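Colleague: I would like a close look at a single part of this model. Keep it brisk, please.

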Amino acid sequence: SSDLARGVTDLIYAVGIAPQKLAEVSRLRSLGADIKIILDSAEAARAVSAFCRREKTTIPVLLEIDVDGHRSGIRPDGAELLPAAAALADGAELVGVLTHAGDSYECKSTAEIEAAAEAERAGIVLAAERLRAAGHIVKIVSAGSTPTLMFAKDETGVTEMRAGVCALFDLFMSNVGACTVDDIAGSVLATVIGRQVDKRRVILDCGFLALSRDRGTARQTHDYGYGLVCGIDGKPLADGTIVLTGTNQEHGILTLPENSPLTQEDFPIGRRLRILPNHACPTAAPYASLVLIENGRVAEVLDHVRGWD
């Protein structure tokens, strides 16, 4: 409902639908939202069809396609594809196919990402072609992950890309090669609130509630701890060698490396810092608003659509 109030009407509920949520989907559609749902089995398709038949309503459906074994969905050449489509009836309307090439997050080179992008495109197009050959109308061929968006050489047959984190980027994406650290637009403003001299620690007021506990960069070539520490201008301190080494619920812990050019005296109580996140999505999710900064000044405060209903 909050999306509708802000003028956003073209929506996808982009995880597999559960029957308990269909009444809310129908309610939002009655308010003017063009909300589509996704599913990946004949069982789920029958449940949606039964709901539409009972409530005398229409719900558009995208079949989720698994192009890389990353999470849920039907394989493009899977035997389950056509039965799932055939089970949609009585107002449950097949409008397209959808995928997310999440395995691209594990790529180690541009060539690997390019290959993942082509596998994503080829897989989702194959699924669409199989459905069309069986007599189904497939208007939407929806793909997208941030790495494949940035490095795809060909999107023939794809009608839309749904990459999300590219709106802000993050440290994980910089390690993948989808952006540079300088491209990262989102940060958490933090303040020095204490020091532990004997442990070379600086304490900040940004714990895992502010940053999330995502440690995705730990398995990459460059581990940024719980976030990269920057000055108020957003530039990494000490050539990017200062990271948050720990978090509690409300506290962020910065441990200075033994050979750091900075000392604890460089972090007086009250100093403001910016922390670049490992993963922009869970970091941004809790905040009620996003603050846009231009030339060091607040340019706009955006009311942030957030949360799960």
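What is the order of the six strands in the open sheet, and what is the sense of their pairing?

Modeller: This is a predicted model, so please read what follows in that light. The open sheet runs in the order 9-12-7-8-11-10. Its six strands pair in the antiparallel sense. Two of them sit at the edges: strand 9, residues 228-230, and strand 10, residues 244-247. Each of these edge strands pairs on one side only. From one strand to the next, the twist averages 40 degrees.

Now take the strand 10 edge. Its partner is strand 11, residues 252-255. The two are antiparallel and share three bridges. One residue pair can be named here: Thr247 has Gly252 of strand 11 as its bridge partner.

Two residues elsewhere are worth adding for context. Ala92 belongs to strand 4, residues 92-98. Ala92 has a relative accessible area of 6%. The cut-off for buried is under 20%, so Ala92 counts as buried. Setting aside residues up to four places away in sequence, Ala92 touches Val48, Ser49, Cys52 and Ile59. Phe51 is 41 residues from Ala92 in sequence, yet their C-alpha atoms are 8.5 Å apart.

Thr148 is in helix 6, which spans residues 146-151. Thr148 is buried because its relative accessibility is 0%. With the same sequence neighbours left out, the contacts of Thr148 include Ala101, Ser104, Ile113 and Ala116. Ala117, Glu120 and Met161 also touch Thr148.

Conventions. Residues numbered from 1 in each chain as written. Predicted model: local features only at pLDDT ≥ 70, side-chain atom pairs only at ≥ 80, totals over all residues. Heavy atoms only, no water. Helix = DSSP H or I, 4+ residues; strand = E, 2+ residues; numbered from the N terminus. Buried < 20%, exposed > 50% of the residue type's maximum accessible area, 1.4 Å probe, protein only. Contact = heavy atoms within 4.5 Å. Pairing = 2+ DSSP bridges. Axes fitted to C-alpha atoms, helices over the stretch in contact; angles between N-to-C directions.
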